[in-house]
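Please take the sequence and the three-dimensional structure shown here and keep both in view while you read. The paragraphs that go with them are meant to be followed slowly, with each named part found before moving on.

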Amino acid sequence: MSSPKSPAAAAAAIVAVPASPARAALVDEGLAVAVAALERGALAEADTVAQGLAALAPDAPRVWGLRARVLRAAGQEAAADAAEQEGIRRMAARIAGAGRPLSLRQRMQLFSTVTVLGGPPSAFVELGQMQLMVMLEHGLARHHKVADVGCGALRAGLWLMRVLDPGGYHGIEPHQTRLRFGIDHVVGAAAVAAAQARFDSNDRFDLSVFGTRFDFVVARSVWTHAAKVQIAALLDSFVAHGAPGATLLASYLPATDPAQDHQGAHWVGRSATSSVGGLIRHDPAWIAAECGRRGLGIAALDHHIVNGQVWLKITQHG
């Protein structure tokens with residue numbers, strides 16, 4: 001009687017099998033086990049399951065997406081990016097071979113199984129359109145220069161590039177795989193080129209890299225992850241590189257008591273270096289005081305509140 005194999009040996013013994021409903025069920029089960037292991041910090045267990053799934057179903061896009069999450073959790077960013085890109089490539093091939101055109105919402109639902117979209121895939125279209133509407137309601141015009149901070153997969157960029165004159169859209173996104181996904185599979189490389197959009201990957205909230213002054217800066221669901229030092233850095237950059245009368249629209253989760261007010265010094269949530277999600281809250285009085293110290297006006301908007309996030313309109317004097 002042979003001795004039981006270790007988990008690693010068992011994973012190594014798995015061989016690829018043709019796609020079938022039974023294999024799909026095994027992949028579903030393995031993905032659930034691996035994700036649960038990641039969420040409780042059992043990285044070795046998640047890695048073992050991910051390796052087994054990669055041997056069983058190397059053609060499955062979701063398996064590559066899982067591999068990317070495990071590698072990112074292990075701090076292997078370059079390898080994680082490569083795995084994520086492979087998952088995106090394989091999913092794009094499946095979508096192309098679907099035999100019928102899929103809507104943007106349908107495509108984002110599928111891509112969300114291999115890459116992070118920066119929000120629920122079911123609301124990808126609406127949340128992007130909402131950002132455009134908030135900006136239009138507060139004076140956005142075709143000729144304006146816009147900086148989309150944390151532009152991610154270009155959820156808002158898709159719509160802003162359609163409205164702004166060429167050269168008006170500027171995006172900052174440290175997660176280059178996510179940005180590349182947005183260019184290739186959300187907006188389209190040809191449309192990005194026609195919009196003369198410009199991008200930068202700095203994680204310092206530094207608007208100076210574009211060498212222009214901005215009429216609008218938008219930061220949707222950035223302050224829900226950013227530490228106070230990072231919020232202050234964006235406010236400083238807005239003061240230095242906003243045009244006279246410029247507007248910063250930022251969404252955040254208000255802290256309702258001191259215990260909720262985040263005091264950490266680092267970004268919280270998924271990023272180019274983290275596969276772990278998370279949301280944080282900030283004291284409205286602290287944000288108001290920081291704006292006041294910089295001579296900025298601030299007002300909380302009472303509409304377009306989604307998932308509890310409140311929009312702040314922060315303005316420079318004209």
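What follows is a walk through some helices, their contacts and a few single residues.

Before starting, keep in mind that this is a predicted model. A convenient place to begin is helix α2, which covers residues 21-39, together with helix α4, which covers residues 61-73. The helices α2 and α4 pack at an angle of about 15 degrees, and their axes lie 11 Å apart. Because angles under 35 degrees count as roughly parallel, α2 is described as roughly parallel to α4. In passing α4, helix α2 makes a left-handed crossing. On the α2 side the contact is made by Ala-24, Val-27, Asp-28, Leu-31, Ala-34, Val-35 and Leu-38, and these meet Arg-62, Val-63, Leu-66, Arg-69, Val-70 and Ala-73 of α4. Sorted by class, the residues of this contact are 10 nonpolar, no polar and three charged.

Helix α4 also has a contact with helix α3, which runs over residues 43-56. The axes of α3 and α4 come within 10 Å of each other and cross at roughly 150 degrees. Since an angle over 145 degrees counts as roughly antiparallel, α3 is roughly antiparallel to α4. The crossing in which α3 passes α4 is left-handed. From α3, the residues Leu-43, Ala-46, Asp-47, Ala-50, Gln-51, Leu-53 and Ala-54 take part, and they meet Val-63, Leu-66, Arg-67, Val-70 and Ala-73 in α4. The residues of this contact divide into nine nonpolar, one polar and two charged. Taken by itself, α3 has 14 residues and reaches 20 Å from its first C-alpha to its last, close to the 20 Å expected at 1.5 Å a residue. Its buried residues are Ala-46, Thr-48, Ala-50, Gly-52, Leu-53 and Leu-56.

The next helix to find is α5, at residues 77-96. With 20 residues, α5 reaches 28 Å from its first C-alpha to its last, which is close to the 28 Å expected at 1.5 Å a residue. The buried residues here are Ala-80, Ala-83, Glu-84, Glu-86, Gly-87, Ile-88, Met-91, Ala-92 and Ile-95. What covers these buried residues of α5 includes α4, α6 and α9.

That leads on to helix α9, residues 176-187, in which 12 residues reach 15 Å from the first C-alpha to the last, close to the 16 Å expected at 1.5 Å a residue. In α9 the buried residues are Thr-177, Arg-178, Leu-179, Phe-181, Gly-182, Ile-183, Val-186 and Val-187. They pack against several other elements, namely α5, α6 (104-111), α7 (124-137), α8 (157-163), α10 (189-195) and the strand β3 (198-200). Just after α9 comes Gly-188, which takes a positive phi of about 100 degrees.

Within helix α7, look for Gln-131. Is Gln-131 buried or exposed? Its relative accessible area is 4%, so it is buried. Leaving aside residues up to four places away in sequence, Gln-131 touches Arg-155, Ala-156, Val-218, Arg-220 and Trp-311.

Two residues in loops have a positive phi although neither is a glycine. Phe-205, in the loop between β3 and β4 (214-219), has a phi near 60 degrees, and at 10% relative accessibility Phe-205 counts as buried. Ser-221, in the loop between β4 and α11, has a phi of about 55 degrees, and at 17% relative accessibility Ser-221 counts as buried as well.

The last helix pair is α11 (residues 228-241) and α12 (residues 284-293), which pack at an angle of about 35 degrees with their axes 11 Å apart. The crossing of α11 and α12 is right-handed. Here Lys-228, Ile-231, Ala-232 and Leu-235 in α11 meet Trp-286, Glu-290 and Cys-291 in α12, and the residues of the contact divide into five nonpolar, no polar and two charged.

In the loop between β5 (242-252) and α12 you will find Pro-258, which at 77% relative accessibility counts as exposed. Pro-258 and His-282 are 24 residues apart along the chain, and their C-alpha atoms are separated by 9.1 Å.

Conventions
Residues numbered from 1 in each chain as written. Predicted model: local features only at pLDDT ≥ 70, side-chain atom pairs only at ≥ 80, totals over all residues. Heavy atoms only, no water. Axes fitted to C-alpha atoms, helices over the stretch in contact; angles between N-to-C directions. Helix = DSSP H or I, 4+ residues; strand = E, 2+ residues; numbered from the N terminus. Parallel < 35°, antiparallel > 145°, perpendicular 65-115°, else oblique. Left-handed = near helix turned anticlockwise from the far one by under 90°. Contact = heavy atoms within 4.5 Å. Nonpolar A, V, L, I, M, F, W, Y, C, P; charged D, E, K, R; others polar. Expected span 1.5 Å × (residues − 1). Buried < 20%, exposed > 50% of the residue type's maximum accessible area, 1.4 Å probe, protein only.
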